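User: I am in my first year and would like a close look at one part of this protein chain, namely its last helix. Please explain how that part sits in the rest of the fold.

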Amino acid sequence: MKIRKATMKDASQILKLLNGDKIMSVNGTKGDYNKYDVKDYIKEKNIHTFVYEENSKIIGVIVCRFFTSYFYLDSIIIDKNSQGKGIGRSLIKHVETLAKKKGIKYVELITKTDNVGMQALLRKLKYKRETSFLLTQKI
């Protein structure tokens, strides 16, 4: 097991993970992401993308943005066959550690109401539910 910063060589595996689960979708279908989204996740200076790699296969991805006083956890996806094994927890703890080193003390994220797996993980990690209002529109 290894957590490391994503590289452009990882783009196709990351894209496959993101598009393989409808919970990651904006409109409830698979395939919302394209190769340019993933390349932005990897290249953009203020976006930090890390992969969880096992036997040369990427089975988890976390995408976040660090700001001055907080970081925003944008996306986390774990291969369906590897869920429930602590990979999501490891990825979140990894970026929390990096954030603490930068003096950041606050995490912000939004999860869908039907993403019960993520909600259960966040409760285990002692995240507190705040109020939120999320709207989406396909344009």
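Analyst: What follows goes from the chain as a whole to its core, and then to the last helix.

The model is predicted, and its chain contains four helices and five strands. Read from the N terminus, these elements come in the order β-α-α-β-β-β-α-β-α, so that the helix you ask about, helix 4, closes the series, as the definition of the numbering from the N terminus implies. Of the 139 residues in the chain, 38% are buried, and among the contacts between residues at least 6 apart in sequence, 58% join residues that are at least 24 apart.

To place helix 4, it helps to begin with the largest nonpolar core, which has 20 residues, and in which I62, F71, I76, L91 and I92 touch the most other members. Helix 4, residues 116–124, is one of the elements that supply at least two residues each to this core, together with strand 2 (47–54), strand 3 (57–66), strand 4 (71–78) and helix 3 (87–101). The largest share, five residues, comes from helix 3. Apart from this core lies another one, of 16 residues, which includes L18, I42, V61 and I77.

As for I62, its contacts, leaving aside residues up to four places away in sequence, are H48, T49, F50, L73, S75, I76, L91, I92 and V95.

Now to helix 4 itself, where the buried residues are M118, L121 and L122. When one looks down the axis of the helix, these buried residues fall within an arc of 100°, and therefore they line one face of helix 4. A general rule of helix geometry is useful here: an α-helix has 3.6 residues a turn, so residues three or four places apart point the same way.

What does the buried side of helix 4 pack against? Its buried residues pack against strand 4, helix 3 and strand 5, the last of these spanning residues 107–109. The face turned away from that buried side carries V116, R123 and K124, which are exposed. Just beyond the end of helix 4, K126 takes a positive phi of about 70°.

For comparison, you may also look at helix 1, residues 11–19, in which A11, I14, L15, L17, L18 and N19 are buried. The cover over these buried residues of helix 1 includes helix 2 (35–43), strand 2, strand 3 and strand 4.

Notes
Residues are numbered from 1 along each chain as its sequence is written. This is a predicted model: local features need pLDDT of at least 70, side-chain atom pairs count only at pLDDT 80 or more; totals for chains, interfaces and linings use all residues. Side-chain values use heavy atoms; hydrogens and water are left out. Buried means under 20% relative accessible area, exposed over 50%, partly exposed in between (1.4 Å probe, protein chains only). Contact means heavy atoms within 4.5 Å. A nonpolar core is a set of buried Ala, Val, Leu, Ile, Met, Phe, Trp, Tyr and Cys residues joined through side-chain atoms within 4.5 Å. The arc is that of the directions from the helix axis to the C-beta atoms.
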